[in-house]
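Let's take a walk through this one together, starting at the ligand and working outwards. Keep the viewer open as you read.

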Amino acid sequence: MKTILKAHNISKTFKRGDINLDILKNIDLEIYKGQLTFIVGPSGSGKSTLLQLLGGLDTPNSGYIEVMGDKLNEMNDKGLSQFRRRHLGYVFQFFNLLNNLNALENIVLPLILDGQDSKESENKARILLGDLGLSDKSGNYSHQLSGGQMQRIAIARSLIADPHVVLADEPTGNLDSKSAKDIIELFSRLAREKGHTIVMVTHDLSLIPYGDRVIHIKDGEIVKDEILNQKN
Ligand SMILES: Nc1ncnc2c1ncn2[C@@H]1O[C@H](COP(=O)(O)OP(=O)(O)OP(=O)(O)O)[C@@H](O)[C@H]1O
Ligand SMILES: [Mg+2]
């Protein structure tokens, strides 16, 4: 198994008034290429915080993250932004769609920011919209979309740059069980057929059989690491 993402003894502390809250405690973790890895655990256990650190959206108080052999802490802001746009895809727990852009514009944004051709980018986005069953929503703004539709737009945006690693925070949290199954099948296919690496936080245990591995987090620590599928 090839390691694509590695957390070296990372810790994260948030301050609340005078109190230091240790949200993540000395996490060592290797994520393997081509696997669909789930992160599960109770609300408040630190799952979203961990995902943000793994993707370079926030920095640990100690320790560091390595993606494809590159240390995120050694990149400057510009280098890190570019690295993230090209290699990492995110699905945020609360979507983070831009309200002043329509669905199609939200999806192509990572490519446009990267200076890529807009016609080609739009064509890619339309294919993804079709895959996600949203062909008729390309011109809709956030307030004209349901929660589940916004979630799928956010998923499309995370995949548009064909990233090596997709970090998805409860990407099926707002979907009915049929749409959730479609998304997890899409992720599982991306991992199996295209070698993409997916790290996904979920509360939906019915999705677990689609994965290769389940990491259990409690109070900011990894308490169990289950390999489901030893294929790679
Ligand atoms: N910026 C912040 N400042 C202070 N505390 C924070 C901050 N972000 C997260 N926390 C705290 O860190 C803890 C972990 O939060 P996190 O969002 O990682 O949990 P989670 O496991 O994703 O929970 P959920 O399943 O509800 O999404 C929580 O107690 C939260 O209140
Ligand atoms: Mg969360």
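Start with the shell around ligand 1: α1 supplies its largest share, three residues. Bear in mind that this is a predicted model. In total, 13 residues surround ligand 1, and the closest are F14, S43, K47, S48 and T49. Besides α1 (47–54), the elements that put two or more residues into that shell are β1 (3–16) and β2 (19–32). As for chemistry, the shell of ligand 1 is made up of eight polar residues, three nonpolar ones and two charged ones.

Now for the core. In soluble globular proteins, nonpolar side chains tend to be buried together. Here the largest nonpolar core runs to 63 residues, and the ones with the most contacts inside it are L54, I107, I153, A156, I160, L167 and V199. The top contributor to this core is α5, with six residues. Take I153 and set aside its neighbours within four places in sequence: I153 still touches L97, A103, N106, I107, L134 and L145.

Next, have a look at α4. Does its length fit what you'd expect of a helix, and why? At 1.5 Å a residue, the 14 residues of α4 (residues 118–131) should span 20 Å, and the end C-alpha atoms are indeed 20 Å apart, so the two agree. Which residues of α4 are buried? They are S121, A125, L128 and L129. Looking down the axis of α4, you'd find these buried residues within an arc of 100°, which means they line one face of the helix. The general logic is handy here: an α-helix has 3.6 residues a turn, so residues three or four places apart point the same way. On the face turned away from the buried side of α4 sit the exposed residues K119, E120, N123 and G130. And what covers the buried residues of α4? The cover includes α3 (103–113) and α5 (147–159). Just past the end of α4, G133 adopts a positive phi of about 70°.

One last stop takes us beyond α5. In the loop between α5 and β7 (165–169) you'll find D162. Why does D162 count as partly exposed? Because D162 has 13 C-beta neighbours inside 10 Å, where 12 or fewer would make a residue exposed and 20 or more would make it buried. D162 also has a partner from elsewhere in the sequence: H87 is 75 residues away along the chain, but the C-alpha atoms of the two are separated by 7.7 Å.

Definitions and conventions
Residues numbered from 1 in each chain as written. Chains lettered and ligands numbered in written order. Predicted model: local features only at pLDDT ≥ 70, side-chain atom pairs only at ≥ 80, totals over all residues. Helix = DSSP H or I, 4+ residues; strand = E, 2+ residues; numbered from the N terminus. Expected span 1.5 Å × (residues − 1). Arc of directions from axis to C-beta. Contact = placed C-beta atoms within 7 Å. Near = placed C-beta within 6 Å. Nonpolar A, V, L, I, M, F, W, Y, C, P; charged D, E, K, R; others polar. Core = buried A, V, L, I, M, F, W, Y, C linked by C-beta atoms within 7 Å.
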